[in-house]
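Please open the model in your viewer and keep the selection panel at hand. The stops below go from the whole chain to single residues.

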Amino acid sequence: MAKVAFLGLGVMGYPMAGHLVKAGHQVTVYNRTTAKAEAWVKQFGGAIALTPKLAAQDQGIVFTCVGNDKDLHQVVLGDEGVIHGLKPGAVLVDHTTASADIAREIGTALTAQGLGFIDAPVSGGQAGAENGVLTVMAGGDEAVFNQVKDVIMSYARCAELLGETGAGQLTKMVNQICIAGVVQGLAEALHFARSAGLDGEKVVEVISKGAAQSWQMENRYKSMWAGEYNFGFAIDWMRKDLGIALEEARRNGSHLPLTALVDQFYSEVQGMGGNRWDTSSLLARLEKSRK
């Protein structure tokens, strides 16, 4: 059993922290909205801390899962941040999808104080968090990663170290680039099938047995065909992630024309009022143009 804290009880963090309890760990939680932390404790037990600093005190591992670089900087390095509460030898594991720059900044600050850090964004969405089957992409020191991996596996089916600090965030960018292209392709395929008068369900049943198969096809085509877009990762968050990837691409000289185009398509869906629709709603943009 480990003594841990979990900071950030959003749609991902809430169930992830719950899985830590189910795995037998002693968990303290912090959330900017205290009512959310109170609801979590009522459901799972554990304790509430009123600041990140207090949450980190006397913990072996602290997990964070917040919104963006700014939130992460405040929670970790702010006046009441985690860095001021961690005991020597403790480890911070960050599950936020953020930039590689903030990961490196935090890693440098923690290492200077004899603390461990792993940047560890996740993939699998809300369903993956709820079912405890997330994929964790990690960056940092191998010995530190090995120290925390078993605890991470409380809510993951795969957790791998990809390189030094920042590698986890860079790998998550690769993940989001792939998803953007696959979802656009699926949206166009379903749009074409409908325009051609085909039975979408029968078409997907056939092509999913071949090279066209994907997770997105298997898990999203029915809701897409029905025009229902409330089943996962919101466009607002996807655009944040794609923006991080595009900024990194400008820095490293890589060319992401499809990613930039899909990001623009998502901005058009936002203009349709779809900020909180899931990423499969690229089809809604195409169907609108067909009418």
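Helices (H or I, at least four residues) and strands (E, at least two) are DSSP runs numbered from the N terminus, and with that convention the first selection can be residues 3-162, a span that is 41% helix and 25% strand and whose end C-alpha atoms lie 26 Å apart. The model is a predicted one, in which local features need pLDDT of at least 70 and side-chain atom pairs count only at pLDDT 80 or more, while totals for chains, interfaces and linings use all residues. Residues are numbered from 1 along each chain as its sequence is written, and side-chain values use heavy atoms, with hydrogens and water left out.

**The two annotated spans**

For residues 3-162, an unreviewed UniProt entry lists "domain: 6-phosphogluconate dehydrogenase NADP-binding"; UniProt positions are given in the numbering used here, feature names are shortened, and annotations may be inferred rather than shown by experiment. Next select residues 166-284, for which UniProt, again in an unreviewed entry, lists "domain: 3-hydroxyisobutyrate dehydrogenase-like NAD-binding". This span is 71% helix and 0% strand, and its end C-alpha atoms lie 35 Å apart.

**The whole chain**

Now show the full protein chain, whose secondary structure comes to 13 helices and 9 strands, and whose C-alpha trace spans about 65 × 45 × 35 Å along its principal axes. The radius of gyration is taken over C-alpha atoms, and the globule rule is 2.2 Å times the number of residues to the power 0.38; for 291 residues a compact globule would have a value near 19 Å, and the 20 Å of the protein chain agrees with this. If you colour by accessibility (buried means under 20% relative accessible area, exposed over 50%, partly exposed in between, with a 1.4 Å probe and protein chains only), buried residues make up 50% of the 291 residues. Taking a contact as heavy atoms within 4.5 Å, residues 24 or more positions apart account for 66% of the contacts with a separation of 6 or more.

**Strands S4 and S5**

Zoom in on strand S5 (residues 91-94), where Val93 is found. Val93 is buried, with a relative accessible area of 0%, and its C-alpha atom lies 4.8 Å from that of Phe63, although the two are 30 residues apart in sequence. Not counting residues up to four places away in sequence, Val93 touches Ile61, Val62, Phe63, Thr64, Ile118, Ala120, Val148 and Ile152.

From that list, select Thr64, which lies in strand S4 (residues 61-64). Is Thr64 buried or exposed? Thr64 is buried, with a relative accessible area of 0%, and, its neighbours within four places in sequence set aside, its contacts include Leu7, Leu72, Val75, Leu92, Val93 and His95.

Step back along the chain to Asp58, in the loop between helix H3 (52-56) and S4. Phi of Asp58 is near 70 degrees, a positive value in a residue other than glycine, and Asp58 is partly exposed, with a relative accessible area of 45%.

**Helices H8, H9 and H10**

Move to helix H8 (residues 167-195) and select Ile179. Leaving out residues up to four places away in sequence, Ile179 touches Gln216 and Met238, and its C-alpha atom is separated by 10.0 Å from that of Ser214, 35 residues apart along the chain.

Gln216 belongs to helix H10 (residues 215-225), where Gln216, Met217, Arg220, Tyr221, Ser223 and Met224 are buried. An α-helix has 3.6 residues a turn, so residues three or four places apart point the same way. Just after H10, Gly227 takes a positive phi of about 70 degrees.

Now select Val204 in helix H9, which counts as buried at 4% relative accessibility. With neighbours within four places in sequence set aside, Val204 is in contact with Leu190, Met217 and Tyr221, and of these Met217 and Tyr221 are among the buried residues of H10. For a distance across the model, Val204 and Arg276 are 26 Å apart, C-alpha to C-alpha, and 72 residues apart in sequence.

The last stop is Gly210, in the loop between helix H9 (200-207) and H10. At 39% relative accessibility, Gly210 counts as partly exposed, and a line drawn from its C-alpha atom to that of Val29 covers 45 Å, for a separation of 181 residues in sequence.
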